[in-house]
Each structure stands twice: as C-alpha cells, then as structure tokens.
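Subject: Structure for you to look at

Dear colleague,

Here is the structure I promised to pass on, and I would be glad if you could open it beside this message. The notes underneath go through what was found in it, region by region.

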Amino acid sequence: MSADGAESGELKQPTLQSETPDYNDAYDAIVVGAGLAGTAAALTMAREGLDVLLLERGPAPGTKNVFGGVLYTPTIRELVDIDDAPMERYIAEKRFSMLTSDGDETAVSIRPGAWHDEPHNDSYTVLRRRFDEWFAKQAVEAGATLVTETTVTGVLRDGQTIVGVETDRPNGELRAPVVVLAEGANSLVSEAADLKERPDREDVAVSVKEVFKLDRETIDDRFRLDGDAGAAYHYFGEGAVGQAVGGGFVYTNKRTISVGIAYRIEDAAQGQTPEETLDAFESHPAVAPLIRGARRTEYAAHVIPEGGAKAMPDLVHDGAVVVGDAAGLVLNSGVHLEGTNMAVESGYHAGKAIAAALEDDRSDESALVAYPRDLEQSFVVENLRHYDWFQGTIADDRQFLFEDLPRALADAETEYFKMDRTSKDEHTDAARDRLLEAAGGWFGAAKRAWRFRRMLS
Ligand SMILES: Cc1cc2nc3c(=O)[nH]c(=O)nc-3n(C[C@H](O)[C@H](O)[C@H](O)COP(=O)(O)OP(=O)(O)OC[C@H]3O[C@@H](n4cnc5c(N)ncnc54)[C@H](O)[C@@H]3O)c2cc1C
C-alpha cells in the first residue's frame, strides 16, 4: 500500500532516535495519531501553552492515510492560514450519477459560479501525505513535539485512570496527565483499552481507492476544468457498487485522479469483494473514459465509520479523550461524505477542554466534559443526529434505491426523449408509468417521499 504519491516533505524535526529519551511527565498531553483530529488537538493545546507530544506511526504524517478525498476547511481556516497549504484543486463541480449495471447513467451536475471565488466553498482535493505533513508542521511551529515512526500499542493505567501510553519503542512507556486518542477508524488502542466497543458491522463501510496519473491538460479537458478548479463525482446504483449499499467516487487532483468505492462491510462479508467491485466500477462506460490511458500509481484500502451519532462512544474518560474517526465522527448522507471537517472540529474542542482542565490541575472525566458539551453544540453532532436515520433507511430500501430506481430512471428517460412519430403525450405517460411501477404506484411513491422527507428538512 503506498501513500498519496506526493514527494517527501521537509518535516524532520524533532523525531525519536533509536534510544528513547525520558519523556515521562515531560508533557501535559500525548496525542496518538498525527491525522487531522490529532494534529488539530495538538495545535490547539500548543497554542494554549501546553507541552504536547504528537505520536505518529508512519514515517511522516499522512503517509498512512487513505482518503477520497475532499478536505473541508471551515474549521482549519480558523486555526491556521491555509493560503500556503498544499491544496490540489478547489471543488468547482459536484456531480451525482446513478448507474445501472447495463451501462446507463443519469446525472445531475452542480457548478455554481460562486464556488470559483474564495473561499471556494471550503472544499479542496488534497493529497493527505502532503497536507497532513504541512498541517503537522503548523502544530510543531506552535510548540508541539512530533515523533514519527512510533506506534502506540496500548494505554497505561493507574486504577481506572489513563496515565500514559505504551509504544513499540524500546522502554517505550510515556506518561502524561491526558492522552488524546486520534488514531482514526482502525482504533485498535481505544478498543483494546475498552474506551469504545468494536463497531457493529452494519456501521462500517469498506473502501478501496486507486490513484491514476494523467497530465494536467488531459484532466482539465476530460472534466471541463480550468486553472485550479476541480471536480467531485459521486456515483450510486448497481453500476457503481453492484448489490451493495454504498457508492463510488472520482476526484480530480492536479495531475492525478482518485477513483474508489465504499460500501457496507457486511456486503463485502457476504461475498462481494472490493477488488472485483472496483474493477467493475472502473469499467462502467460512464467511468472508464475518465481514466482511459492513465497509469495506476496507488492502491489502498480502509474502513469508514458510518454509525452516526447513535454509534458514538463515550468521548471522555479519566485521563483520556477520543476524537475524529476514532470517535466515529463521519457523516455519510448519500450526498455528503464528511469526516475531515468533523475530525478537525473535534480535535479543536478536545484541545480547548484539556487546556482548561489542566489549568485547574485536573484531567478526570468530569473536568474534561467541556469537550463533549462543545461538540454536542457544534455542527458535528447536530449533523450526525440529523442524518442518524439515513443509513438504516437506505439499507431497508436497497433493492429500490440501488437497483430498481436507476433502471427505472434510465427506462423513463429513454421513453421520454424517444424520437419517433408517437406524440409527446404518450411518451410522457409511458415514462411516468415506468417510474410509478418501480416506486409501487402513487401510494408507494408517497410512502417513499415521506420516508426520505428529512433529506430536505
Ligand atoms: C476512501 C475514503 C474516502 C474518504 N473521503 C472523504 C472525503 O472526500 N471528505 C471527507 O471529509 N472525509 C472523507 N473520508 C473520511 C476522512 O478521511 C476521515 O474522516 C478523516 O481522515 C479522519 O481524521 P482522523 O484524524 O480522525 O483519522 P486519520 O486521518 O485516519 O488519522 C489517524 C492517524 O493516526 C495514526 N495512527 C493510527 N494508529 C496509531 C497508533 N497506534 N500509534 C500512532 N499513530 C497511529 C495514523 O497513521 C494516522 O496518521 C474518507 C475516508 C476514506 C477511507
């Protein structure tokens, strides 16, 4: 598995050498994972004057990260000046397509003129290796200590209280009043320490992604882009992920295209392999021309927590907090896939709460409750709660949404636009009847409109 294909950055300092210096109690907080949530927490705490140790298992932040992806920047923008951040392209177009397995596509494209203007709707494609390294550098400049190539293998406890971490370094125990668990979706440390349960299978999606290299001009031409404008294409239906509940995506970077699929791990367990599903998606007539002639440079797989607010674990414990994907903070509402903004927002609130608690010389659970309270009042929990019904509802209606509807739409469009000597009236009636047949008549259509009304409320 390789990283996002970016050249290595400059962040070398400071790193642990083969011998472990005595860091015990030299730090106010230890952060596990220099992803978006961990770095946001480290940066916030360092700005508050705390001594922070940020531990990352990869050789540099971002090297282990798998991502679609579009970085949403409303919170990062508040924390750092993103003018020099290594963005690939701003999102100028979002496109939503329904694909049948017979090669049909029905698409809606959104290209508001306003997205060309700063701040570009706070949506940018990034290569995580480059972006995470740059973001961690901001935390180091604020005073945090970054140590790479160090895997946290467990937490240390004194009774029920977490008092530090164990690492894979020789004599690698490190103690500090607070540990921030920001290890991402594969949260092995938090689970082993009983800080969260292993997520239910229906709350986890598996994702595989490939990166294709193409020259910049070809990308611009194929996606109708100019300058730094980019595109985010989302695909649904049987032609995207077969019988599974999920979708596919294509994102443009400057000189590469990220192509991937994500669907319920349960469907993968029932025999639909991610590799075959991705192959079929990339061969679909709506997708294949976008990557024709491109060189594949990367293949990666990851999981995405999609359980929403109802699956969130306890966020605070005596001596520890859980942030970002480790806390299940990802929104997938079909049209929104957002985790980056939630990771940063949670790291920020956790960092603030820790600084306030340590000012009173406390790090017990009740001293840290400002973190869940502030997160609860932010867009993060509000959005997760708003869409808590979504994943279960689409899974219950999967046959209609992923197979019958894309097929019926394609048939209805073919009928509606059919060029022959029959009247438009007749074609319109036939197209409407085809849609109603798929929806279960007027009654079935009304039931579904009611079921999905919260998409618009
Ligand atoms: C294929 C895919 C596509 C996605 N697309 C989008 C998108 O387009 N937009 C969006 O907003 N979100 C998207 N997401 C979700 C988004 O990537 C996550 O929500 C976000 O990265 C979470 O940030 P995080 O810091 O919590 O975790 P991560 O980014 O996963 O960072 C965790 C860090 O912890 C490190 N780590 C883990 N364990 C240890 C350990 N034991 N010791 C030391 N270090 C450790 C890892 O190496 C990593 O650097 C996508 C996810 C996937 C998988």
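Two strands are said to pair if DSSP finds at least two bridges between them. Please keep in mind throughout that this is a predicted model.

With that meaning of pairing in hand, the three-stranded sheet is a convenient place to begin. This open sheet has the strand order β8-β9-β10, and its pairing is antiparallel. β8 and β10 are the edge strands, each of which pairs on one side only, and the twist from one strand to the next averages 30°.

Strand β8 covers residues 152-158, and its antiparallel pairing with β9 extends over six bridges. Within that pairing, Arg-157 stands opposite Ile-162 of β9. The two strands form a hairpin with two residues between them, and Gly-159, which is in the turn, has a positive phi of about 65°.

On the other side of the sheet order, β9 is joined by three bridges to strand β10, residues 173-175, and these two strands also run antiparallel. Here the bridge partner of Gly-164 is Arg-175 in β10. β9 and β10 likewise form a hairpin, in this case with five residues between them.

How much of strand β9 is buried? Five of the seven residues in β9 (residues 161-167) are buried, so the strand is largely enclosed by the rest of the structure.

The loop between β9 and β10 holds Asn-171, a residue with a positive phi of about 45° although it is not a glycine. Is Asn-171 buried or exposed? Its relative accessibility is 73%, and because the cut-off for exposed is over 50%, Asn-171 counts as exposed.

A similar case is found at Asp-194, where phi is near 60°, again a positive value in a residue other than glycine. Asp-194 is placed in the loop between α4 (188-192) and β12 (204-213), and with a relative accessible area of 68% Asp-194 is exposed.

One further backbone feature deserves a look when you go through the loops. Glu-118 and Pro-119 are joined by a cis peptide bond, with omega about 0°, and Pro-119 lies in the loop between β5 (105-110) and β6 (123-126).

The other sheet to examine is an open one of six strands, with the order β7-β2-β1-β11-β18-β17 and mixed pairing. Its edge strands, each pairing on one side only, are β7 (145-147) and β17 (316-317). Inside this sheet, strand β1 (residues 29-32) pairs with strand β2 (residues 52-55) in the parallel sense over four bridges, and Val-31 has Leu-54 in β2 as its bridge partner. Helix α1, residues 36-47, packs on the sheet and touches β1, β2 and β11 (178-181), while its direction makes about 165° with that of β2.

As for the overall division of the chain, the domain assignment gives domain 1 (29-86 + 127-197 + 310-377), domain 2 (89-126 + 200-306) and domain 3 (391-455). The C-alpha centres of domain 1 and domain 3 lie 45 Å apart.

Towards the later residue numbers, helix α14 (residues 398-416) contains 19 residues and reaches 26 Å from its first C-alpha to its last, which is close to the 27 Å expected at 1.5 Å a residue. Where in α14 does the kink lie? A kink of about 40° is found at Asp-404, shortly before the proline Pro-406. The buried residues of α14 include Phe-400, Leu-401, Phe-402 and Leu-405, together with Pro-406, Ala-408, Ala-410 and Ala-412.

Lastly, Arg-448 is worth locating, a residue placed in helix α16 (residues 441-451). Arg-448 has a relative accessible area of 19%, and because buried means under 20%, Arg-448 counts as buried, if only by that cut-off. Leaving aside neighbours within four places in sequence, Arg-448 is in contact with Asp-397, Phe-400, Ala-438 and Ala-439. Among these contacts, Phe-400 is also one of the buried residues of α14.

With best wishes

Notes:
Residues numbered from 1 in each chain as written. Predicted model: local features only at pLDDT ≥ 70, side-chain atom pairs only at ≥ 80, totals over all residues. Heavy atoms only, no water. Expected span 1.5 Å × (residues − 1). Bend = angle between axes of the 7 residues up to and from the residue. Buried < 20%, exposed > 50% of the residue type's maximum accessible area, 1.4 Å probe, protein only. Contact = heavy atoms within 4.5 Å. Axes fitted to C-alpha atoms, helices over the stretch in contact; angles between N-to-C directions. Domains from an automatic or database assignment.
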